[in-house]
Structure formats: structure tokens, C-alpha cells
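This report goes through selected parts of one protein model, with the sequence and the structure shown alongside. Please keep both in view while reading.

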Amino acid sequence: IRMELPYIWFTVKLLLWMLVIVTAYYLYEFIVKPLCTRKKYSKYANVMIDPFVPVLGGIKYYIKNVEGGKASYAHLVTSADKFSKYDVYMEFEGKFPAFKILSEEAHIQFNKLSDGVNIDRGTEIYSVGKIATKGLFNIRSTENHALRKNTFVKLLGLNFASRYIPMIHETVDEIVSTWKAGSEYKSVLQMNKVTFMIFTKVLFGKSQV
């Protein structure tokens, strides 16, 4: 037992150091970096910045909206008046800063900055993007991409999609028929259900649903 004690103590110290390193990393990524980024852009009067929310960032508002039975973007609607007073809106999606161009002047300036610069898609490194590296959203801005994009957009045209209008009406009727008089339902959840059923029927056919 005496021989094993030094090894046990070494293991404990190693685990503690690993815990400290991991904690420091996440504090830096989710607290320090977002605060530094906010400080950097807060000096610009024409930039609107969301209140600081650790870890979740602006995702907190989307979650709160859905839990309250509202559309996930409801907080953006209530902030529309504020947006008109700024050129750029910055929010954090988790630890990542996201910039939204608000004013016409900001669009003009951005186009000037990007003139002649190849602004391309970022390479996905997670989830489906990691598997489908040659997918529509990953391939470079080449003629091949333009051709595939145009082909894809044509499939979404009214003439093509109109064939599904009867099925859409039928699906909505199916969902509504399950509602009971006097009961309350969250519109967001019901709309999500309708959307999921429609997508499923389009992709796999009504017989598979």
C-alpha cells in the first residue's frame, strides 16, 4: 500500500491539473474572448451589441422565445426600432461573434471593402458538413457551384412546388383535426409538427408517413 500511495497521489495531481487546464480553456473561450471582442467594438457608436450572456450568448433569447410559445426570432422583431439607429448589429452565438449589416450605408461600405476580394464559403468541420465535403454549401464559388445552385433553386420554384399544395392542405387538416375544443396549444410546436410532416411527405411520400 505504501508503494502505491505515490502513484495515487500523482494521478490525483494529474487529474486536478487537467481540470484546471480545461476550466481555464473554457473560461477563456466563453468569457474572456467574448468580453474582449465586445470591448473592441463597443467604442464604435454605430455598432449595436447585445447584452453579455455567458456561454449561450444570443442563443439564450431564441430558447426563451420557444419556451414561451413564440417564434424563435421574436426578440429581433421587438428590437426593430433599435436596429434603425445603427449600421451594424453584433451578437454572440455561443462563443462565436456574428455581425449583421443593418443600414444601406453599411452595405455600400461592405461592398467596397469586398470589391475584388474572394469571399468564399468556410469549410464545414462538423456534422454533415464534415461528411459531405463536396456538398452544395461547401464547394467553392465556381461555375460548377453556380450551375448546381441554379438547378437547386429551380426545384423550389412555384410551378414545381405547386403540385404539393393539395398535400399541404391535407397535412394541415390532419394536424388541426387532432386539436380539442377548449384546449391550448403552442403555435410554435404545432407549426414545427406541420413543417416536419410536409417535409417528410415530400421526401419519402405519403405512404411512408
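## Helix 10 and its cover

Which helix is included in what covers the buried residues of helix 10? In this predicted model, the cover over those buried residues includes helix 9, which runs over residues 165-176. The buried residues of helix 10 themselves are Val188, Gln190, Val194, Met197, Ile198, Thr200 and Lys201. As a general point, an α-helix has 3.6 residues a turn, so residues three or four places apart point the same way.

Helix 10 spans residues 187-204, and its 18 residues reach 26 Å from the first C-alpha to the last, which is close to the 26 Å expected at 1.5 Å a residue. Just after helix 10 comes Gly205, which takes a positive phi of about 90 degrees.

## The three-stranded sheet

The model has an open sheet of 3 strands in the order 1-2-3, and the pairing within this sheet is mixed. Its edge strands are strand 1, covering residues 47-49, and strand 3, covering residues 96-101, each of which pairs on one side only. From one strand to the next, the twist averages 25 degrees.

Strand 1 pairs with strand 2, made up of residues 88-93, in the parallel sense and over 3 bridges. Within this part of the sheet, Met48 stands opposite Tyr89 of strand 2.

## Tyr89 in strand 2

Is Tyr89, whose place is in strand 2, buried or exposed? Tyr89 has a relative accessibility of 2% and therefore counts as buried, the cut-off being under 20%. Its contacts, leaving aside residues up to four places away in sequence, are with Met48, Asp50, Leu76, Phe83, Ala98, Phe99, Lys100 and Leu102.

Tyr89 and Val47 lie 42 residues apart along the chain, yet their C-alpha atoms are separated by 5.8 Å.

## Arg38 in helix 1

Arg38 belongs to helix 1, which runs over residues 4-42. How far away is the nearest side chain of opposite charge to Arg38? That side chain is Asp50, at 7.0 Å, and Arg38 is buried yet has no salt bridge.

When residues up to four places away in sequence are not counted, Arg38 touches Ile49, Asp50, Pro51, Phe52, Met90 and Phe92. Asp50 thus appears in two sets of contacts, being touched by Arg38 and also by Tyr89 of the sheet.

Technical notes
Residues are numbered from 1 along each chain as its sequence is written. This is a predicted model: local features need pLDDT of at least 70, side-chain atom pairs count only at pLDDT 80 or more; totals for chains, interfaces and linings use all residues. Side-chain values use heavy atoms; hydrogens and water are left out. Helices (H or I, at least four residues) and strands (E, at least two) are DSSP runs, numbered from the N terminus. Buried means under 20% relative accessible area, exposed over 50%, partly exposed in between (1.4 Å probe, protein chains only). Lys and Arg count as positive and Asp and Glu as negative; His and the chain ends are not counted. A salt bridge is a side-chain nitrogen of Lys or Arg within 4 Å of a carboxyl oxygen of Asp or Glu. Contact means heavy atoms within 4.5 Å. Two strands pair if DSSP finds at least two bridges between them. Axes are lines fitted to C-alpha atoms, for helices over the stretch in contact, and angles run from 0 to 180 degrees between N-to-C directions. The expected span of a helix is 1.5 Å times one less than its number of residues.
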